[in-house]
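Dear colleague,

I am handing over a structure for you to look at alongside this message. Please open it first, and then read on for what was found in it.

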Amino acid sequence: AAFSMIKQSSFMQIIIQHMKKYLPILLIGTLVLFMSSCSKKNDTTVPVELSEYFPLEPGKYITYNLDSLVFINFGSSSVIRSYQVKYEVDALIGDSLGVKTYRIFRYIRNTESNPWQPDATFMASSAKNSIQFVENNQRFIKLAFPLTNGFSWKGNSYIDTYSSNSEFQYLDDWDYVYDSIGAPINIGNISLDNTIIVNQRDEIIGEPSDPGAYSEVNYSKEKYAKGIGMVYRNFFHSEYQPGNGGYIADGSYGITLTMIDHN
């Protein structure tokens with residue numbers, strides 16, 4: 001019996017020694033698990049809303065310098081005409097199933113010293129998964145969820161680009177792709193802390209340097225700033241026809257919008 005008690009005592013001492021050795025490790029592991037659990041419960045991260053980069057509120061406006069590239073002399077030459085334009089959100093005109101639709105007025109003037117003149121009316125719709133903009137009865141999906149670098153979507157999918165008589169065949173199958181989300185940029189003299197780039201098209205068909213062959217160039221890029229909206233747009237479409245000495249076809253044009261003011 002005494003021998004048995006000695007064996008039990010030695011066994012308990014071994015257990016106590018092992019507990020002293022591994023207790024700190026067990027406590028640390030328990031603490032890590034507890035902190036991880038608390039972190040998950042207290043995680044209040046909210047995904048960035050698309051509307052933060054395309055705010056739509058009545059009275060909200062952005063003013064741009066507009067450089068318009070037009071082809072003249074039957075497509076044999078081009079000229080850049082410059083204006084100032086202001087896009088101003090007028091009113092909420094529809095609110096259904098989580099989609100809010102706003103009317104937007106555009107005003108134009110030649111220079112800052114000239115009065116604003118009404119120029120055009122657009123519509124923009126804000127939903128959780130997309131921001132859509134209607135211009136000349138054509139609906140563009142300007143932004144789409146999620147806001148992740150490399151994410152792409154068919155931004156022109158609502159536009160008839162496939163009919164034989166469509167004027168917008170060149171807009172077919174464009175992939176809009178996010179780039180540089182959250183990056184700071186300068187637009188003119190304005191510094192912007194948080195922006196996104198939407199690359200829409202960079203395409204050359206044929207050989208533009210060959211005057212005897214058909215060619216087409218399509219390029220489009222937009223930039224958006226958090227809390228402001230679109231701050232820059234560069235769009236260009238040209239279609240070269242080699243007949244009659246070579247000319248740029250009707251419907252070819254380019255525009256550059258550069259923000260100069262906003263509220």
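Is Phe 74 buried or exposed? The model is a predicted one, and in it Phe 74 has a relative accessible area of 82%, which is over the 50% that marks a residue as exposed, so Phe 74 counts as exposed.

To set the scene before the details, the protein holds one helix and 13 strands, and along the sequence the helix comes ahead of the strands, in the pattern α-β-β-β-β-β-β-β-β-β-β-β-β-β. Of its 263 residues, 33% count as buried.

Some points of the backbone deserve a look. Most residues other than glycine have a negative phi, and most peptide bonds are trans. Phe 74, which is placed in the loop between β1 (61-72) and β2 (77-96), has a positive phi near 60 degrees. Asn 137 likewise has a positive phi, near 65 degrees, and is found in the loop between β5 (130-135) and β6; with a relative accessible area of 72%, Asn 137 is exposed. The peptide bond that leads from Phe 145 to Pro 146 is cis, its omega being near 5 degrees, and Pro 146 belongs to the loop between β6 (138-144) and β7 (152-154).

Turning to the aromatic residues, a search of the whole structure finds ten aromatic pairs. In one of them, the rings of Phe 151 and Trp 153 have centres 6.0 Å apart and planes at 25 degrees, and the pair is therefore stacked. As for the surroundings of these two residues, Phe 151 is partly exposed, with a relative accessible area of 26%, whereas Trp 153, at 8% relative accessibility, counts as buried. Elsewhere, ring pairs link Tyr 64, Tyr 87, Phe 122 and Phe 133 into a cluster.

Lys 86 appears in relation to two rings: its charged end sits over the ring of Tyr 61, at 5.4 Å from the ring centre, and Lys 86 also lies over the face of Tyr 107, where the distance to the ring centre is 5.7 Å.

Next comes the empty space. The largest pocket holds about 940 Å³, and of the 47 residues that line this pocket, the closest to its centre are Glu 135, Asn 136, Arg 233, Tyr 253 and Ile 255. The element that gives the most to the lining is strand β11 (residues 229-241), with six residues. By kind, the lining of the largest pocket divides into 28 nonpolar, eight polar and eleven charged residues.

A last item concerns Thr 195, which lies in strand β9 (residues 190-206). What does the side chain of Thr 195 reach? The side chain of Thr 195 reaches the backbone oxygen of Ala 183, at 2.6 Å, and Thr 195 itself counts as buried, since its relative accessibility is 1%, which is under the cut-off of 20%.

If you go through the model yourself, the places I would list for viewing are the cis bond from Phe 145 to Pro 146, the stacked rings of Phe 151 and Trp 153, and the lining of the largest pocket around Glu 135 and Asn 136, which are among the residues closest to its centre.

With best regards

Technical notes:
Residues are numbered from 1 along each chain as its sequence is written. This is a predicted model: local features need pLDDT of at least 70, side-chain atom pairs count only at pLDDT 80 or more; totals for chains, interfaces and linings use all residues. Side-chain values use heavy atoms; hydrogens and water are left out. Helices (H or I, at least four residues) and strands (E, at least two) are DSSP runs, numbered from the N terminus. Buried means under 20% relative accessible area, exposed over 50%, partly exposed in between (1.4 Å probe, protein chains only). Rings of Phe, Tyr and Trp (its six-membered ring) pair if their centres lie within 6.5 Å; planes under 30 degrees apart count as stacked, over 60 as edge-to-face and the rest as tilted. A charge sits over a ring if NZ of Lys or CZ of Arg is within 6 Å of the ring centre and within 35 degrees of the ring normal. On a 1 Å grid over the protein atoms alone, a cavity is a set of points where a 1.4 Å probe fits but cannot get out, and a pocket is an open set with protein on both sides within 12 Å along at least five of seven lines; lining residues have an atom within 4 Å of a point. Grid points are joined across faces, edges and corners, and a volume is the space filled by probe spheres set on the points. Ala, Val, Leu, Ile, Met, Phe, Trp, Tyr, Cys and Pro count as nonpolar, Asp, Glu, Lys and Arg as charged, and the others, Gly among them, as polar. A polar contact is a pair of N or O atoms within 3.5 Å; within protein, one must be able to donate a hydrogen and the other to accept it, and residues adjacent in sequence count only if both atoms are side-chain atoms.
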